[in-house]
Amino acid sequence: MRLAVISCLLFAALAPATARADWIIPPGREAIVAQMLSLPSGELPSGFRFEGAEIGRDRITAVYLRPSDGATVQVVLSHPDEAPPGAVRTERFAIVLTASDRAADLTALRSLLVARVREVEPHEFWLRPDAT
């Protein structure tokens, strides 16, 4: 199984002051992200496979691809306090799936990913920067 977790940790010093997040992802979270999102192709529904993930300053973005027709699904995990409307919430994450036109029915993939995140999400994941 190809594990393609790409870690791009962006720190507050690199982001504009006006783009400050209330919660950030500190370094060292790569293994738990891989455990939550990098499922073997045989476990993913509808022929999807995990293509990779990027760990950003305040969110994780993963991509799943169905090679048979090129359908793609983008999964974004953020802190539940910063969840957009329609996000599925777990104890530690807000999860949003966005699909290409070819991947119209996301019910099975969404259910599997939400269950997986709930199963392995750590007690502590996020860091709240000092309000100074």
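This passage describes the surroundings of R102 and a set of salt bridges in a predicted model. Local features are reported at pLDDT of at least 70 and side-chain atom pairs at pLDDT 80 or more, while totals for chains, interfaces and linings use all residues. Residues are numbered from 1 along each chain as its sequence is written, and side-chain values use heavy atoms, with hydrogens and water left out.

A good place to start is R102, found in the loop that links β6 (94–99) to α2 (107–120); helices (H or I, at least four residues) and strands (E, at least two) are DSSP runs, numbered from the N terminus. R102 has a relative accessible area of 55% and is therefore exposed (buried means under 20%, exposed over 50%, partly exposed in between, with a 1.4 Å probe and protein chains only). Leaving aside residues up to four places away in sequence, R102 contacts R66, D69, G70 and A71, where contact means heavy atoms within 4.5 Å. Between the C-alpha atoms of R102 and V73, which lie 29 residues apart along the chain, the separation is 9.5 Å.

Turning to charge pairing, the whole structure holds five salt bridges, each a side-chain nitrogen of Lys or Arg within 4 Å of a carboxyl oxygen of Asp or Glu. One of them joins D58 and R59 at 3.3 Å, N to O; D58 is buried at 17%, whereas R59 is partly exposed at 38%. Another pairs R92 with E91, at 3.3 Å. Here R92 is buried at 17% and E91 is exposed at 58%.

Helix α2 offers a further example: R116 and E119 meet at 3.8 Å, N to O. These two residues are separated by about one helical turn because they stand three residues apart in α2. R116 is partly exposed at 21%, and E119 is exposed at 58%.
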